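Hello,

Here is the structure I said I would pass on. Please look through it before reading my notes below.

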Amino acid sequence: MRKVITLIGSLMMLGIFLWAFAYTSPTLNVEMFTYYTENFIQDTGAYNAVAAILLNYRLFDTLFEALMLLISVIGIIYFSRHGGEDHG
Amino acid sequence: MINLYFLIIMPILIAVILYLSTNKWVKLFSIILQVFMVAAAIINFIFVKINGEVIEYIGGWEHYAGIALRGDLFACVMVMLTTILFLGMLIFTYTTRYINKLFLLLFVILQSLIIGIFLSNDLFNIYVLIEVGTIIVSILIMFKKDSQAIYDGMVYLLVNIVAMIMFLFGIGFIYKIFGVLDMYRIQELMHLVESPRSLILPYALLITPVALKGALMPLFSWLPKAHGTPSAPSIVSAILSGLYVKGGIYLFIRIQQMFSGVIDTSQYFLILGFLTGTVGLFLALCQTDIKLILAYSTISQIGLIMIGINFNDPNAYWGGIYHIVNHAFFKSTLFLTAGLIIDTYHTRNIGEIRGVFRKMPVVSTISILAILGVTGAPLFNGSISKYLIQSGMQGTFYDYALIFINLGTVVYFMKYITIFFGKDENHEGVVDKYSRSVIVVLGLACFVGGLYGQWFIKLLFNQAVDIDVILYMKKSIVYFLTLVIGVIVYRRVVAHSKLLHRVREIELSFNNICFTIMIFFSVTTVYLMIIY
Amino acid sequence: MGDSRSEILSKMIGLLYPYIIMFGFYIIINGHNTPGGGFQGGAVLAAVFISKYLVLPIHDMRLESLQLVEKLFYILIILIPTLFLMTGLNAVYPALNVYYLVIMNSLIGLKVCCGLSIVFFRFVFYESE
Amino acid sequence: MIFLEWLNGEIVAIILFFIGVYGLISRRNIVKTVISIWIMEVAVILFFMTIHYQKTSVPPIGEAIKGTMADPLPQALMVTAIVIGVSVTAVSLTMFITLYHKYGSTNWEKVMKKRMD
């Protein structure tokens, strides 16, 4: 019974989402797309645009992404039933 | 001017180095780091106050290709608040046992993440910062292993992760439509949008997680779990309640600004703010755990802030903003003093704690100062911000709503205040000098922030507000009336109520919390689809 | 757990080792020119540790030293861009940028490798009981 | 193939997202909750991949003819998002194992009731 109700609820939410989605604006502007694809080789010397973005344009994100892995390792050790106390 | 990225990167770097070092003076070094951070934040604030907003492109990539950090006056004030509070917290725990290197590492990284959230002008960067912050907070709130509340931590983590996935989805829509991630650039490009309807979905996707972070009405069930859990050290509760929740409010203001001109939901959030304030105070009334009373009180105060910033009036807006700063001071003071009281009495039940005033006079005095601040007693900081919020809404419904919320605040703090009276012989109250000096400074800040409130708003936000003396006197009289009614209500009704006990037992399960998130999202979407 | 290992599996993985390592480093070092990069290559390198465990389920991995190495790499990951990118050196010497990319990719790759290995071994050693 | 015309990446992503939502609000098993969260994450990743995509797009590597390259930014963002998702999943699974050993149940409601006692 609960599953049926939640299923109907989810479908209604999906309906609302799609209703709003139908009115969602099309692409208005692609300035970053153009900028990156035109300039990344001159700017960074990399031929892989993704690497150029990760390490040059949006380096700040990458730093925190690496931090995320570090923190999650600490978290895994900390939340484990075994050990963790001997750290730090 | 100290580079803004430096404020974010340097604490992380130094924290990791300190973690790896085998030095005995790690705590001292982190306090020195904090002193430096406070100095840097003040220098930046003065620079920004004189020269206006600073925008810094990390790595020097302009044309919005890189990530931009934006230091405007509001952001600088929040950064200053962050550094001052963190310095206070580290001094407070200078002699505490459980503060080891791991704690310092996480705590200092949390500080730079909060600073990053305040300074960043890039939506995806904010997402990354919040995600890292969520994991750190979930470790920190479970830090005392002896009373580990793993259920609370897990609910906190998963609820926030679910919300942040929605945020990411919203970023996807924004990027698809506008082609940039910089918040100022998006605001500039808003004029391209033809009808508000075409932005409803991204707006709802972004505002739902932000409302959850700011603990608005149906979405606050994670907050007492995080702020009131027994395993959280009191400085973590203080930081979370005083500052981290404000990150949500801050993002709310930023996102409203970003969509301003296209989507205006101030009426909607005004009502939600009122509901948040009311529900928060009712739940606070029901609690018997002193940390949970304070946690629910935070929800109620957030309702007040939301009313202030969504009421279309400059005075109310600046009152709301000033209340953010004030709330940071008095709520962290209250959490710290509550932590000291819990450490002395080894219980959190309000019925079992008696006679704190005799035992710990300084702690009690400071607590009472903070309580006077929170309830908006004349001359205290809360009164200035509450006066400003109310001054714009003379005679409207919200004027009375605010008086009502304040009455509720008085009533639940009447309950809280009972712990100071009476006698108790069993426990030894010891407060070391570091903790005492920190709470004294924070408590006095509540008083000073009230005496020089007008001047502080001018100083911090370059905003002249006028406080009418006669109206202020009237408000003071209203306050004293509220106090009297509050005492009567507490004595006659609350102290004997059975209903409140039953309300306390209600708790949403994880599935229901997710359901409320989705309901909030759907209702917001439908509301916007109807009005536009 | 170790008894159910198949001989064929361990022999085959033993043969594949060097190729996995080579592939991982290839992805990392050429990350700036070809598809790939630090994170992807790091994940492949972590597969080396994981397959080593499949061949020879030893329980004496020193996770503490791996953690230490990971944090040291992270310090470098913060320091190098701070000194190179944020000071504006990359605008002055654009030629250095390629070296910067290679170094950063390698550091990130090794860090991710350490991180994922620790996650894997924590689950295998401690959580699987 | 009119049927497939509307079934593009975006719609699939939205439907996947709501499959995840359904899992979150109806399943009481904690492991299934973690799986649902990952499904939502994947849905968002798929959505990002469809941004600015054209059928003629080539990978963003090397010098391509102007306008035919796929948008590199969502790809870079998704590398970050995947790493974050993996970290979060690992942490929440560890927490789940500890929770399971403490309360002996994988059910949210039962765990909540046991915690209250």
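The notes cover a helix pair in one chain and then a contact between two chains.

This is a predicted model, in which local features need pLDDT of at least 70, side-chain atom pairs count only at pLDDT 80 or more, and totals for chains, interfaces and linings use all residues. Residues are numbered from 1 along each chain as its sequence is written, chains are lettered from A in the order in which they are written, and side-chain values use heavy atoms, without hydrogens and water.

In chain B, helix α13 (residues 314–345) packs against helix α19 (residues 453–461) at an angle of about 95°, with the axes 11 Å apart. Axes are lines fitted to C-alpha atoms over the stretch in contact, and angles run from 0 to 180 degrees between N-to-C directions. α13(B) is therefore roughly perpendicular to α19(B) (angles of 65 to 115 degrees). Contact means heavy atoms within 4.5 Å. W318(B), I321(B), Y322(B) and V325(B) of α13(B) meet G453(B), F456(B), I457(B) and F461(B) of α19(B).

Chain C brings ten residues to its contact with chain D, which brings nine residues. Together they bury about 650 Å², 78% of it on carbon and sulfur atoms (accessible area, 1.4 Å probe, lost on being put together and summed over both). On the chain C side, F39(C), F123(C) and E127(C) lose the most area, together 62% of what that side buries. Between chain C and chain D there are zero salt bridges (a side-chain nitrogen of Lys or Arg within 4 Å of a carboxyl oxygen of Asp or Glu).

Regards

Definitions and conventions: Helices (H or I, at least four residues) and strands (E, at least two) are DSSP runs, numbered from the N terminus. Angles under 35 degrees count as roughly parallel, over 145 as roughly antiparallel, 65 to 115 as roughly perpendicular and the rest as oblique. Buried area is the accessible area (1.4 Å probe) that two parts lose on being put together, summed over both.
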